[in-house]
Amino acid sequence: MHSVYRWYKRARWFYDRRIPFIPKIIYYFIRIVFACDLPFTAKIGSNVGFFHNGLGVVIHRNAEIGDGTLIYQNVTIGGNGREGSLNGIPTIGKNVFIGSGAIIMGPITIGDNAKIGANSVVTKSVPEYGVAMGIPAKVRVDR
């Protein structure tokens with residue numbers, strides 16, 4: 001387990017038990033020490049790997065990330081910018097590989113075991129075992 005993920009899990013533990021203030025302290029600690037935006041309100045599964053200690057990773061506060069996902073540095077998982085829209089947030093499946101600098105935006109779903117190439121901009125859903133590469137990302141199924 002990578003250290004930034006351990007800190008996230010601690011903050012999430014306090015948040016789930018409705019213990020105020022401590023999750024925010026841990027959140028700001030993560031931002032300062034690891035230079036990433038990893039909110040305790042995001043739903044991140046078990047054994048998620050943040051390589052290079054999550055350097056430059058930005059995750060929307062309502063994003064959902066499945067178990068076993070691997071996230072490299074400078075990845076952005078964000079909404080589509082619509083005020084108050086929870087439907088504009090990506091949902092990432094299990095065992096997904098997300099390469100360095102990838103951007104995943106909008107109300108999309110990334111299927112289980114998918115791969116997102118480095119520096120790709122993904123604005124459309126990727127099926128199970130799909131591979132998304134390029135700007136904008138082109139999707140193909142790799143089974």
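User: Happy to look at this predicted model with you. Leaving aside its neighbours within four places in sequence, which residues is Ile30 in contact with?

Analyst: Good place to start! Ile30 belongs to helix 2. Once the neighbours within four places in sequence are set aside, the contacts of Ile30 are Val4, Trp7, Tyr8, Ala35, Cys36 and Leu38.

User: Is Ile30 buried or exposed?

Analyst: The cut-off for burial is under 20% relative accessible area. Ile30 has a relative accessibility of 0%, so Ile30 counts as buried.

User: How far apart in space are Ile30 and Tyr8, C-alpha to C-alpha?

Analyst: Tyr8 is one of the residues that Ile30 contacts. The two are 22 residues apart in sequence. In space, their C-alpha atoms are separated by 7.9 Å.

User: Let's turn to helix 1. How far does helix 1 reach from its first C-alpha to its last?

Analyst: Helix 1 covers residues 3-16, which makes 14 residues. At 1.5 Å a residue, 20 Å is expected. The reach in the model is close to that, at 20 Å.

User: Where around helix 1 do its buried residues lie?

Analyst: The buried residues of helix 1 are Val4, Tyr5, Tyr8, Ala11 and Arg12. They cover an arc of only 120° around the axis, so they lie on the same side of helix 1. As background, an α-helix has 3.6 residues a turn, so residues three or four places apart point the same way. For the buried residues here, the place is the same side of helix 1.

User: What covers the buried residues of helix 1?

Analyst: Part of the cover is a helix, namely helix 2 (22-34). Strands also take part. The cover includes helix 2, strand 1 (43-44) and strand 2 (49-50).

User: Which ring does the charged end of Arg10 sit over?

Analyst: A friendly hint: look for a ring whose centre is 4.6 Å from that charged end. The ring belongs to Trp7.

User: How are the rings of Tyr27 and Tyr28 arranged?

Analyst: The structure holds ten aromatic pairs. In the pair of Tyr27 and Tyr28, the ring centres are 5.0 Å apart and the planes stand at 70°. Planes over 60 degrees apart meet the cut-off, so the pair of Tyr27 and Tyr28 is edge-to-face.

User: Which of Tyr27 and Tyr28 is buried, and which is partly exposed?

Analyst: Tyr27 has a relative accessible area of 13%, which makes it buried. Tyr28 has 48%, so the partly exposed residue is Tyr28.

User: Which residues do ring pairs link into a cluster with Tyr27 and Tyr28?

Analyst: Tyr27 and Tyr28 already form a pair with each other. Ring pairs bring further residues into the cluster, namely Tyr15 and Phe40.

User: Now the sheets. Which strands stand at the edges of the six-strand sheet?

Analyst: The six strands form an open sheet in the order 2-5-8-11-13-14, with mixed pairing. An edge strand here has a single partner, so one side of it is left without a neighbour in the sheet. The edge strands are strand 2 and strand 14 (138-141).

User: How many bridges join strand 13 to strand 14?

Analyst: Strand 13 (residues 130-133) and strand 14 run antiparallel. Ala132 has Val139 as its bridge partner, and Met133 stands opposite Lys138. The number of bridges joining the two strands is four.

User: Which peptide bond is cis, with omega near -15°?

Analyst: Most residues other than glycine have a negative phi, and most peptide bonds are trans. Pro136 is in the loop between strand 13 and strand 14. The cis bond runs from Ile135 to Pro136.

User: What is the phi of Asn119?

Analyst: Asn119 sits in the loop between strand 11 (115-116) and strand 12 (121-122). Beyond four places in sequence, Asn119 touches Ser100, Gly101, Ala102, Gly134 and Ile135. Although Asn119 is not a glycine, its phi is positive, at about 60°.

User: In which sense do strand 4 and strand 7 pair?

Analyst: These strands belong to an open sheet of four, in the order 1-4-7-10. Strand 4 (residues 64-65) and strand 7 (residues 91-92) share two bridges, and Glu64 stands opposite Thr91. The sense of their pairing is parallel.

Key: Residues numbered from 1 in each chain as written. Predicted model: local features only at pLDDT ≥ 70, side-chain atom pairs only at ≥ 80, totals over all residues. Heavy atoms only, no water. Expected span 1.5 Å × (residues − 1). Buried < 20%, exposed > 50% of the residue type's maximum accessible area, 1.4 Å probe, protein only. Arc of directions from axis to C-beta. Contact = heavy atoms within 4.5 Å. Phe/Tyr/Trp six-rings, centres within 6.5 Å; stacked < 30°, edge-to-face > 60°. Lys NZ or Arg CZ within 6 Å of the ring centre and 35° of its normal. Pairing = 2+ DSSP bridges.
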